[in-house]
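Me: I'm new to this structure and would like a close look at a single part of it. Could you take me through how its helices pack, and then show me what surrounds that part?

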Amino acid sequence: GTMGFEKAWLNYYKSDNLAMRDYFTVVTYNKDDSIVKSAVLELTTAAKELFSIDIESSLCDMKSDVDKTRKGIHFQIGDNKDLENEGYRISLADEMLLIEAYTSNGILYGTFDLIRSTILGADVHSFNRTIFPKNPLRMLNHWDNMDGSIERGYSGNSFFFEHGEVIVNERTKAYARLVSSVGINAVVINNVNVRGTATNLITNRYIDKLKQIGEIFASYGIKLYLSLNFAAPMELGGLTSADPLDEEVRLWWKKEVQLLFKEIPSFGGFLVKADSEGRPGPFTYQRTHAEGANMLAEAVKPYGGLIIWRCFVYNCKQDWRDMKTDRARASFDNFQSLDGDFAENVILQVKNGPMDFQVREPISPLFGGMKKTNLMLEVQIAQEYTGQQRHVCYLIPMFKEILKFRTYCKEENDTVFDIVSGNTYGNKNAGMAAVANTGNDDNWTGHDLAAANLYGYGRLSFDPDLTSEEIAKEWITLTFGMKEHVIDYISKILMMSWPAYEKYTSPLGIGWMVNPSHHYGPNVDGYEYDRWGTYHKADHTAIGVDRTKNGTGYTTQYHQPNQELYGTPETCPEELLLFFHRIPYTYQLKTGKTLIQHIYDSHFEGVEDVEEMVKLWEELKGKLEEVPYHRVLHRLQEQLEHSKEWRDVICSYFYRKTAIGDKKGRELY
Ligand code: GCW
């Protein structure tokens, strides 16, 4: 619904953690800004809902008048330089639980940690921890349009825009609470494809509403960002060009960005999609992406603003006869040679893989390929290619694999996580972004279980050392309560969901095989005969694209030993075999199976996995609230039907291409 919304994982059940109860009686704090106020409010809500206590709160300085002999919570902010960068410490000081921080965000994150831990059953003596978020930027990118639609949105309409206007209401605050509780500190509210009225978001037309959103976000430690239209100087300013080296254009941007930074103190900067899928950019003027980004960087610099520049730049009009152009190469080919050319307040935002959020892709070689450039990782929790939130697909295990991938750009500290957190090269402008999966559905994410991806992304970007299982268990307990079987079964469903999805959709890293444009459901040749041009090149003997040095040369974008690893079918990790190689259907895999038999087997297995997921969920009848129970059940049943469709379409396609039947004699169409 447009106004109705649930509390998701902030829906606190009564807690029987009685040892913690006494601490939720009084909270004192030594600083009174809007973020600390939010933290106090969060404790107030938690005390009420967990323990039916009306917590007392007051401003006072620990050094003077805090009573440490009484059980309670105290926020101490300011003198701990060691806790800068949003860190916090929770400890027991005599009888009092102390949350210390250097920034107000630290207090807020410490508070959410305390509440979460209490719900999860923590003992008061376990509170002796100093914690820092491991990524400087923990960002969400909403692809929300001003007409209220959401590009690749699967949870209803936008709660930021409607009928060409910006909306601010109770839900704005509920959203801020939700994402800040998992450590998000930056949000882009509008689609990277900036067209029509959205181009005007940077003007004074919407400033009052944006200011209100900015304030709500700020009180939860979140910076507001906007996506901009590179051609705005022409579309809004009436200039004849948007050439980044044109003095008039540069001046126009400098003047234009003032308003947002002046009116919205927590305004962070801009996200830019340029020269990509038809959007304008510096290429029109024979300028480089560095020249484009640096022009904007100069304009926002006086306000400490950032320009986040996307690397999703490729030729989407590739001809099928052209064997040299390879979409996988595009980001690296467009950006790597610009290493060192970008201003300090520019961050390049790189999608995790070289293609586009497929269920399985190798890691973008730009990670490790650029040493003198700020990089951010972009993942997608909107499940565009992973079941569109009608299928359950818990993506945290995928994100963990991405983060721990070794690039070999150095001898150590060379993983994707090291690079995007700033560890590798010591940069402070770095972090992670996710394309958001929320909308105005009551449960925020369409599929109730898709909320695990929103929760999990936040937690993982804060602390990449958490395991996927830990995150799943936290989320389940917070969302559904601490109940027998609930945690085990739901976490089993989540943990098997990504592998299951991979099994019944496109095999071994080949990707795509979806219906063009909306990207839902199987269509093996959907993109094969589409001008967009992303090809698997299946014929009756073989499938896949040779991306080694003998083929498109994509593998040469990696450092050794990755280049060699991917370079031969024998050494290539099998889940990526068809991404890197052209393989005959009779090729024998490490399991001893032929490729064709693997395709059949994995597709049947994938469906069996979904059958098991449905069974596990049905076991939970009566243990969960009716509404979410049935919402999820319906989606799982739909998933089962669709997984069979995937299985049958894929198996039938390859059966008819190869004329090789299933060894196990199952029915192929
Ligand atoms: O793959 C594409 C999506 C587009 C999206 C684009 C991008 C916002 O299908 O809908 O546009 O990625 O990331 O820019």
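What follows is a walk through two helix pairs, then the domains and the ligand.

Reply: Sure, let's go. One thing to keep in mind throughout is that this is a predicted model.

Let's start with helix α15, which covers residues 486-504, and helix α18, which covers residues 595-618. Their axes are 9 Å apart, and the angle between the two helices is about 160°. Anything over 145 degrees counts as roughly antiparallel, and so that is the label α15 and α18 get relative to each other. As for handedness, α15 makes a left-handed crossing as it passes α18.

Who actually meets whom here? From α15 you get Y489, K492, I493, M496, S497, A500, K503 and Y504. Facing them from α18 are S602, H603, E605, G606, V607, D609, V610, M613, L616 and W617. Sorted by class, the residues of this contact come out as 10 nonpolar, 4 polar and 4 charged.

Now for another pair to set beside it. Helix α13 runs over residues 451-462 and helix α14 over residues 468-480. They pack at about 125°, with 10 Å between their axes. That angle makes α13 oblique to α14. The crossing of α13 past α14 is right-handed, whereas the one of α15 past α18 is left-handed.

On the α13 side, the contact is made by A451, A452, Y455, G456, R459 and L460. The α14 side brings I471, A472, W475 and T479. By class, that contact divides into 7 nonpolar residues, 2 polar ones and 1 charged.

Let's step back to the domains. The assignment for the protein chain gives domain 1 (8-131), domain 2 (137-480) and domain 3, which comes in two pieces (503-545 + 582-658). Between the C-alpha centres of domain 2 and domain 3 there are 29 Å. These two domains touch through 22 residues of domain 2 and 22 residues of domain 3. The side belonging to domain 2 has 8 nonpolar, 6 polar and 8 charged residues.

Last stop, the ligand. Around the ligand you'll find W143, E151, R152, V192, N193, K273, S276, F312 and D356. How does that shell split by class? There are 3 nonpolar, 2 polar and 4 charged residues in the shell.

So if you're turning the model on your screen, begin with α15 and α18 and their left-handed crossing, move on to α13 and its right-handed pass over α14, and finish at the ligand, with residues such as W143 and D356 around it.

Conventions. Residues numbered from 1 in each chain as written. Predicted model: local features only at pLDDT ≥ 70, side-chain atom pairs only at ≥ 80, totals over all residues. Near = placed C-beta within 6 Å. Nonpolar A, V, L, I, M, F, W, Y, C, P; charged D, E, K, R; others polar. Axes fitted to C-alpha atoms, helices over the stretch in contact; angles between N-to-C directions. Helix = DSSP H or I, 4+ residues; strand = E, 2+ residues; numbered from the N terminus. Parallel < 35°, antiparallel > 145°, perpendicular 65-115°, else oblique. Left-handed = near helix turned anticlockwise from the far one by under 90°. Contact = placed C-beta atoms within 7 Å. Domains from an automatic or database assignment.
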